[in-house]
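This briefing is meant for someone meeting the structure for the first time. Please keep the sequence and the model in view while reading, and look up each residue as it comes up.

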Amino acid sequence: MAKTAIAPDLEAPKASYRTEVRGRELRVMLSGDWVVAPVLSVDDELRAFAEASHDADEIVFDMSGVGRFDTAGTWVLERTAAQLMARGIKARFDKANEAQQTLFDKVGEGAYADPVRIPDEPLVVQILARIGAAVLVLADGARDGLGFFGTVVAALGRTIRHPSRLRVVSLISHMERAGFDALPLVCLLTFLIGAVVAQQGASQLARFGADVFTVNLVAIIFLREVGILLTAIIVAGRSGSAFTAEIGAMKMREEIDAMRTLGLDPMDMLVVPRVLALMIMLPLLTFIGDIMGLIGGGVVAVTQLHMSPGVYIERANSAIVFWTFGVGILKAPFMALVIGLIGCQSGLEVTGSAESVGSQTTRSVVRSIFLVIVLDALFAMFFTAVGI
């Protein structure tokens, strides 16, 4: 089948010009279509024309022969006229019709206007403005967090009054994923940290002949602070981010809206099982982490201090009282509540893009770890104040 070639419009008049000298006046006779495509062919010529020397007091652009005319042709002619006037040669346009004159007026309004410069504010004002903006963001985040906390507490209250609302299968599934699946990582890291604390403590206490008190150091530090803090950070980075990503993906696919359409409450379906699972499993993980930390310290005490396992256990038993262990366990449900709330809230704040899922997941982990450390510091000050 033969192809039909479409020939270009060879009759379309190209943009061109010629010059006529009339005394001290140089007239530039324009002709053809001064629109986007034809203007490109004469652009370089006009640049050279504007830079050339002319023995004339005035250059007049005669528009009588111009056909089609648009902003591209207007801008090229305005630029040429401006270059000529910058060299001290008067330039003007003659015989322009009403439409052409309107284009010249519109292009000329903004083409050579002096830019408006906004004065820079003093550095102190800029710093205070940034601090104020950050405070407002923190205040908005705190307000939204308190609102979400109240919503979750109300959902937990409904679940307590009506236990049938609790999704037991979902609760057990999240307990397995947030607790049992995290057990190997928690055991390994707490064992290593316990060994490191014992090794560093022994090397420092040996200078004073008190290396035997390494057992007290490991037991008290790990049971009160390091065990719960390390476990909570692991859970925040592992389970908190998973909560945000899971709920965020559901939000992005509009599954949460579908739940509401079916009359299902996302708080009961998604948030309550996850928060309860963390509140149940984090104390258990903390307990196991404490034991592994003591075992790690015991390995170092046996190998480096040549202390028998029986002596290590006896000294650890004498150093540990109920509240040494109870302080760490008591913190765990509160930290689990904070991690679960932030993870679920960040997931519900995801918008309809994959980038939002990533940013909210990162934000969830950072906020969770930050608040866990702040909460641990507050508990430490409180227990110190009450003498525990």
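How many bridges join strand β1 to β2? Seven bridges join the two strands, β1 covering residues 16-22, and they run antiparallel to each other. The model described here is predicted, and the points below take up its domains, its strands, its nonpolar cores, its aromatic rings and two loop residues in turn.

**Domains**

- The protein chain is divided into domain 1, which covers residues 2-112, and domain 2, which covers residues 162-386.
- Between the C-alpha centres of domain 1 and domain 2 there is a distance of 75 Å.

**Strands β1, β2 and β3**

- In the antiparallel pairing of β1 with β2, Ser-16 stands opposite Ser-31 in β2.
- The hairpin of β1 and β2 has two residues between the strands, and within this hairpin Gly-23 takes a positive phi near 65°.
- Strand β2 is also joined to strand β3 (residues 58-69), in this case by eight bridges and with the two strands running parallel, and here Trp-34 stands opposite Phe-69 in β3.
- Strand β2 spans residues 25-34, and because nine of its ten residues are buried, the strand is largely enclosed by the rest of the structure.

**Nonpolar cores**

- The largest nonpolar core holds 36 residues, and of these Phe-148 and Val-271 touch the most other members.
- Several helices each supply at least two residues of this core, namely α4 (123-161), α7 (214-252), α8 (255-261), α9 and α11.
- Leaving aside residues up to four places away in sequence, Phe-148 touches Met-267, Val-271, Leu-341, Cys-344, Gln-345 and Leu-348.
- There is also a second, separate core, made up of 23 residues, and among them are Leu-26, Ile-59, Ala-91 and Phe-104.
- As a general background to such groupings, nonpolar side chains in soluble globular proteins tend to be buried together.

**Aromatic rings**

- A search of the whole structure finds nine aromatic pairs, and one of these is formed by Phe-287 and Phe-325, whose rings meet edge-to-face at 5.8 Å centre to centre, with 85° between the planes.
- This pair links distant parts of the chain, for Phe-287 belongs to helix α9 (residues 266-304) and Phe-325 to helix α11 (residues 322-348), and the two are 38 residues apart.
- Both of these rings belong to residues that count as partly exposed, with a relative accessible area of 40% for Phe-287 and a relative accessibility of 27% for Phe-325.
- The rings of Phe-334 and Phe-379 have their centres 5.5 Å apart, and because their planes lie at 50°, this pair is tilted.
- Since Phe-334 lies in helix α11 and Phe-379 in helix α12 (residues 354-385), this tilted pair ties together parts that are 45 residues apart in sequence.
- Phe-334 is partly exposed, its relative accessible area being 43%, whereas Phe-379, at 14% relative accessibility, counts as buried.
- One aromatic cluster is formed by Phe-61, Phe-69, Phe-93 and Phe-104, and of these Phe-69 has already been met opposite Trp-34, while Phe-104 has been met in the second core.
- A charge and a ring come together elsewhere in the chain, where the charged end of Arg-315 sits over the ring of Phe-213, at 5.5 Å from its centre.

**Thr-361 in helix α12**

- Thr-361 lies in helix α12, and at 17% relative accessibility this residue counts as buried.
- When residues up to four places away in sequence are not counted, Thr-361 touches Ser-241, Thr-244 and Ala-245.

**Loop residues with positive phi**

- Lys-95 has a positive phi of about 60° although it is not a glycine, and its place is in the loop between β4 (90-94) and α3 (98-111).
- Is Lys-95 buried or exposed? Lys-95 is exposed, with a relative accessible area of 54%.
- His-306, another residue other than glycine, has a positive phi near 55°, and His-306 lies in the loop between α9 and α10 (309-319).
- At a relative accessibility of 69%, His-306 counts as exposed.

Terms used
Residues numbered from 1 in each chain as written. Predicted model: local features only at pLDDT ≥ 70, side-chain atom pairs only at ≥ 80, totals over all residues. Heavy atoms only, no water. Domains from an automatic or database assignment. Phe/Tyr/Trp six-rings, centres within 6.5 Å; stacked < 30°, edge-to-face > 60°. Helix = DSSP H or I, 4+ residues; strand = E, 2+ residues; numbered from the N terminus. Buried < 20%, exposed > 50% of the residue type's maximum accessible area, 1.4 Å probe, protein only. Lys NZ or Arg CZ within 6 Å of the ring centre and 35° of its normal. Core = buried A, V, L, I, M, F, W, Y, C linked by side-chain atoms within 4.5 Å. Contact = heavy atoms within 4.5 Å. Pairing = 2+ DSSP bridges.
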